[in-house]
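Me: Can you walk me through the empty spaces and the core of this protein? Keep it short, please.
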Amino acid sequence: MTARIIDPAEVARAYRDGIRGEVAALESPLTLVGFLSEDGGPSRTYASYTRKGCEDVGIRFDLRKVTRLQAEAAIEAANEDPDVHGMLVYYPVFGTQQDTYLRDLVEPRKDIEGLHSFWARCLYGNRRTYDDGKKAILPCTPLAILKLLDAAGASTTDADQPYAGKRVVIFNRSEVVGRPLASMLANDGAEVTSFDIDGPLRFVPRGTEVGHAVEETSVTRGEALSAADVVITGVPSRSFALVAAHELRPGVVAVNFSTLKNFADAAKEVASSFVPRVGPMTVAMALRHTLRLYLDRD
């Protein structure tokens, strides 16, 4: 068996095509503002990809460079500006708890990344709509991963709980990607084992209305991997022990969203589908959220 490689750029293209048509039909231009406080690394790369994505679909992109001490005032000004329809902040800004404060400073109805605590409460409470039926915004990268899993055939897309009966392993429990992703999958019926440096946790589905619960577990990496239908990794460390072929169940769907390689090459000989990166889909979901929040404005 050789895994089918899922190209996120190809999957994202279909979403951008739909967004482009809707943006072209708007009566006034749509503007997305990005705040960048550091010039190098992943933040700069993400900003570059965002610009290209916006240009492709006809959204104006205004990248504003700010120092970390200017960020708060810049966000507040954008909140009040009616010509700013969406915004994103390229983190880290401070690299401390101060960044959490900045996330909550962004007006939720301009928060195209879905990182504000308003959206987090919707996610963790399994409240999928707000304001009498408007669809809640989900964090971009976790949502991108779900869409790529759909493309890989890992879900039953027309079901109320598309991951019912699926066992998922995630290596990453960050507040931006790993934890919300585990919750989203459990809300959709999956039994999720989440690993990070503090040990494993289980995210257990409790039904379509209740959502999920989080439980302590003593399951080992080997036990979890050998039973998993889906394995998702996002460990940005070269010391991470690569997921090996012998650890995986034949036919597993494997996703790597880290900038570093998390799977051994031979894992592709065991997996049915392999997603090597996620970035283009993250940008596509950000553009989709920008349009949705604009159309849902009061």
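Reply: Sure. This is a predicted model. Start with strand 4 (residues 86-90), which gives three residues to the lining of the largest cavity, the largest share.

Me: Which residues line the largest cavity?
Reply: M87, L88, V89, Y91, R103, V106, D111, E113 and L115. By class, six are nonpolar, three are charged and none is polar.

Me: How much space lies in the largest cavity?
Reply: About 50 Å³. The structure holds one cavity of 30 Å³ or more.

Me: OK, pockets now. How much space is in the largest pocket?
Reply: About 1,600 Å³. Its lining has 45 residues, and P42, T141, V177, F257 and T259 are the closest to its centre.

Me: Which helix gives the largest share of that lining?
Reply: Helix 2, with five residues. The lining divides into 23 nonpolar, 14 polar and eight charged residues.

Me: And what volume has the second largest pocket?
Reply: About 490 Å³. Helix 6 gives the most to its lining, four residues. Of the 22 lining residues, R128, K135, L138, L143 and D188 lie nearest the centre.

Me: Switching to the core. Which residues of the largest nonpolar core touch the most other members?
Reply: I145, L149, L185 and I232, out of 63 residues. Helix 9 (residues 279-295) supplies the largest share of this core, nine residues.

Me: What is L185 in contact with, leaving aside neighbours within four places in sequence?
Reply: L146, L149, Y163, V168, I170, A190, V192 and I232.

Me: What does the second core include?
Reply: That separate core has 20 residues, among them V169, F240, V243 and A245.

Methods:
Residues are numbered from 1 along each chain as its sequence is written. This is a predicted model: local features need pLDDT of at least 70, side-chain atom pairs count only at pLDDT 80 or more; totals for chains, interfaces and linings use all residues. Side-chain values use heavy atoms; hydrogens and water are left out. A nonpolar core is a set of buried Ala, Val, Leu, Ile, Met, Phe, Trp, Tyr and Cys residues joined through side-chain atoms within 4.5 Å. Buried means under 20% relative accessible area, exposed over 50%, partly exposed in between (1.4 Å probe, protein chains only). Helices (H or I, at least four residues) and strands (E, at least two) are DSSP runs, numbered from the N terminus. Contact means heavy atoms within 4.5 Å. On a 1 Å grid over the protein atoms alone, a cavity is a set of points where a 1.4 Å probe fits but cannot get out, and a pocket is an open set with protein on both sides within 12 Å along at least five of seven lines; lining residues have an atom within 4 Å of a point. Grid points are joined across faces, edges and corners, and a volume is the space filled by probe spheres set on the points. Ala, Val, Leu, Ile, Met, Phe, Trp, Tyr, Cys and Pro count as nonpolar, Asp, Glu, Lys and Arg as charged, and the others, Gly among them, as polar.
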